[in-house]
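Got your viewer open and a selection box ready? Load the chain below and follow along, one pick at a time.

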Amino acid sequence: MPGNIPTELTNCSSLSGIDFFGNHITGVIPETIGKLKNLVFLQLRQNDLSGPGPLSLGYCKKLQTLSLGDNNLSGSLSKTFEYLSELTLLSLYN
């Protein structure tokens, strides 16, 4: 059954990885995701996410892997990437 990204995740300040690959997640990526300062890995590929990617991802300065492909995201994340100096893998296809 489809669902949203739980906002309670942002209370897990020591969380370093999220993998929701192919989980039929809907809705938007919450802006509160920027609270996850220790996030290194974010896998949201093959879901039904929509709307703009959150600019708050720029606060996840330890982020190395960001996979958002195969969703219905819109808008620009270009400003966000200025702050992601550790990013080594970026997947935005489809």
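The tour starts with the whole chain and then moves through single residues. Keep in mind that this is a predicted model.

**Stop 1: the whole chain**

Switch on the cartoon first. You should find one helix and seven strands. Walking from the N terminus, the elements come in the order β-β-β-β-β-β-α-β. Now turn on the C-alpha trace and line it up with its principal axes: the trace spans about 35 × 25 × 20 Å. How does the radius of gyration sit against that of a compact globule? For 94 residues, such a globule would come out near 12 Å, and the chain has 12 Å, so the two agree.

Next, try a surface. About 5300 Å² is exposed, with carbon and sulfur atoms supplying 55% of that area. Colour by burial and 37% of the 94 residues show up as buried. If you prefer a contact map, take the contacts between residues at least 6 apart in sequence: 46% of them join residues at least 24 apart. For a charge view, mark the 6 positive and 7 negative charges; their mean positions lie 10 Å apart.

**Stop 2: the cysteines**

Select C12 and C60. How many disulfides does the structure hold? Zero. Draw a distance from the sulfur of C12 to the closest cysteine sulfur, which belongs to C60, and you get 13 Å. A disulfide needs the sulfurs within 2.5 Å, so this pair is too far apart for a bond.

Is C60 buried or exposed? C60 is buried, at 0% relative accessibility, while C12 is partly exposed, with a relative accessible area of 35%.

Stay on C60 and show what surrounds it. This cysteine is in the loop between β4 (48–52) and β5 (65–67). Leaving out residues up to four places away in sequence, C60 touches I33, G34, L36, L39 and L84. Then add N72 to the selection: twelve residues along the chain from C60, with 22 Å between the two C-alpha atoms.

**Stop 3: the helix**

Jump to helix α1, residues 78–81, and pick T80 there. T80 has a relative accessible area of 2%, so it counts as buried. Which residues does T80 touch, not counting those up to four places away in sequence? Show P54, L55, L57 and G58 as sticks to see them.

**Stop 4: before the strands begin**

Go back towards the N terminus and select E8, in the segment before β1 (17–19). E8 is exposed, at 53% relative accessibility. Add I33, one of the residues C60 touches, and draw a C-alpha to C-alpha line from E8: the pair is 25 residues apart in sequence and 10.0 Å apart in space.

**Stop 5: two positive phi values**

Open the backbone torsions for the last picks. Most residues other than glycine have a negative phi. D70 does not follow that pattern: its phi is positive, about 55°, although D70 is not a glycine. Find D70 in the loop between β5 and β6 (72–74), where it is partly exposed, with a relative accessible area of 22%.

Finish on N94, in the segment after β7 (89–91). Here too phi is positive, near 55°, in a residue other than glycine. With a relative accessible area of 71%, N94 is exposed.

How values were computed:
Residues numbered from 1 in each chain as written. Predicted model: local features only at pLDDT ≥ 70, side-chain atom pairs only at ≥ 80, totals over all residues. Heavy atoms only, no water. Helix = DSSP H or I, 4+ residues; strand = E, 2+ residues; numbered from the N terminus. Buried < 20%, exposed > 50% of the residue type's maximum accessible area, 1.4 Å probe, protein only. Contact = heavy atoms within 4.5 Å. Rg over C-alpha atoms; globule rule 2.2 N^0.38 Å. Areas by Shrake-Rupley, 256 points an atom, 1.4 Å probe, with all protein chains shown as cover. Lys, Arg positive; Asp, Glu negative; His and termini not counted. Charge placed at Lys NZ, Arg CZ, Asp CG, Glu CD.
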